[in-house]
Amino acid sequence: MHQEKIAEVIQEVKKVVVGQDKMVNRLLIGLFTNGHILLEGVPGLAKTLTVNTLAKVLHLDFNRIQFTPDLLPSDLIGTMIYNQQTANFEVKKGPIFANVILADEVNRSPAKVQSALLEAMQEKQVTIGETTFSLDRPFLVLATQNPVDQEGTYPLPEAQVDRFMMKVHIDYPSKADELEVMRRMSNMQYTSEVKAILSKQDIFDIRNEINSVKLAEPLENYIIELVFATRFPQQYGLKDEAKYIMFGVSPRASINLNLASKAIAYMDGRDYVLPEDIKEIAEDVLNHRILLNYEAEADGVDTRSLVRTLLEKVPINKAVTLK
């Protein structure tokens, strides 16, 4: 079991990053379950620093790609270049060829770039010219996103958003944490050195161990109930919420709730899942998969508050009718 090493990873990241324990936890869950993570928050909340530091501690190849409105797919995946000496075209691979990709401000690039990133995320491969290349394993996309109402951003396609295992909202630090950040960063002689804790083989071993974590049938049914409550809210007594939901979550939600709750249990030192594990992770797994209508926006209702309501009103022991 690798729980002690995971605890060392978290402590090592804390040498650099202050007060973002939830973000670090969710990034590790994504890595250990082969799921991509979307981080949303205003600039300056250490999103980029956290991902960069975590890649160093995990001893993984890391590339940061700054998404801009003029970015081209070839800037992401690579292109064919002409070699005058050999009179042949050669492949020049792009920054997508790494273990951890930080797609910084991913919602600032147009549709063609998003399409190229989508193939890499879903298929774990990219196509340059007529040749398809497999990406390195493990392969993890950690994307940061500014709130979509900021100038110069593009709403991400629903098909791409659904490929992210979780969408994690990053909040401002507490007063104590911000005081510590200020003290560290205002010291111009401050340096942050971290050491590698986990190897690639450790990560693959952890994935196998998480795969053996037990999820009891009643909790499997509970996940299904939560998912169906987003699709048919009126059947679950959610009449007020039903008028705001345009579309419920996809089957990827139930798959990722299963995986993420197992990872939560594993990192907590258990080989079985508790209801609290599902509830802890549900908001991050479900919030970006529920599509709301204009009435919800007008009334100031967001998906996170809807998920919290689901967790309050959907009972764990409700019998499931499989059809």
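**A lined cavity, paired strands and some unusual residues**

Student: Which elements each supply at least two residues of the lining of the largest cavity?

Tutor: Helix H2 (21–32), helix H3 (47–57) and strand S8 (140–145) each do so. H3 gives the most, with three residues. Helices (H or I, at least four residues) and strands (E, at least two) are DSSP runs, numbered from the N terminus. The model is predicted, so local features need pLDDT of at least 70 and side-chain atom pairs pLDDT 80 or more, while totals for chains, interfaces and linings use all residues. Residues are numbered from 1 along each chain as its sequence is written, and side-chain values use heavy atoms, without hydrogens and water.

Student: What makes this space a cavity?

Tutor: On a 1 Å grid over the protein atoms alone, a 1.4 Å probe fits at its points but cannot get out, and lining residues have an atom within 4 Å of a point. The structure holds one cavity of 30 Å³ or more, and about 40 Å³ of space lies in the largest cavity, a volume being the space filled by probe spheres set on grid points joined across faces, edges and corners.

Student: How do you know which class of residue lines the largest cavity?

Tutor: The lining consists of Leu27, Leu31, Val51, Leu54, Ala55, Leu58, Val100, Leu140 and Leu142. Ala, Val and Leu are among the residues that count as nonpolar, and the lining therefore has nine nonpolar, no polar and no charged residues.

Student: Why are S2 and S5 called paired?

Tutor: Two strands pair if DSSP finds at least two bridges between them. S2 and strand S5 (residues 100–104) have five bridges, in the parallel sense, and so they pair. Within these strands, asparagine 63 has isoleucine 101 in S5 as its bridge partner.

Student: What is the order of strands in the open sheet?

Tutor: The five strands follow the order S2-S5-S8-S1-S9, with parallel pairing. Strand S2 (62–66) and strand S9 (164–169) are the edge strands, each pairing on one side only.

Student: How do strands S3 and S4 run, and how many bridges join them?

Tutor: Strand S3 (residues 78–83) and strand S4 (residues 88–93) run antiparallel and are joined by six bridges. Threonine 79 has lysine 92 in S4 as its bridge partner. Their hairpin has four residues between the strands, and alanine 87 there takes a positive phi near 60 degrees.

Student: What makes histidine 59 and proline 138 worth a look?

Tutor: Histidine 59, in the loop between H3 and S2, has a phi near 55 degrees, a positive value in a residue other than glycine. Proline 138, in the loop between strand S7 (131–134) and S8, is joined to arginine 137 by a cis peptide bond, with omega about -5 degrees.

Student: What does the side chain of asparagine 293 reach?

Tutor: Asparagine 293 is in the loop between strand S11 (291–292) and helix H13 (294–298). Its side chain reaches the backbone nitrogen of glutamate 295 at 3.2 Å. Asparagine 293 also touches Lys243, Tyr244, Ile245 and Met246, not counting residues up to four places away in sequence, where contact means heavy atoms within 4.5 Å.

Notes
Polar contact = N/O pair within 3.5 Å; in protein donor to acceptor, adjacent residues only side chain to side chain. 1 Å grid on protein atoms, 1.4 Å probe; cavity = no way out; pocket = protein on both sides within 12 Å on 5 of 7 lines; lining within 4 Å.
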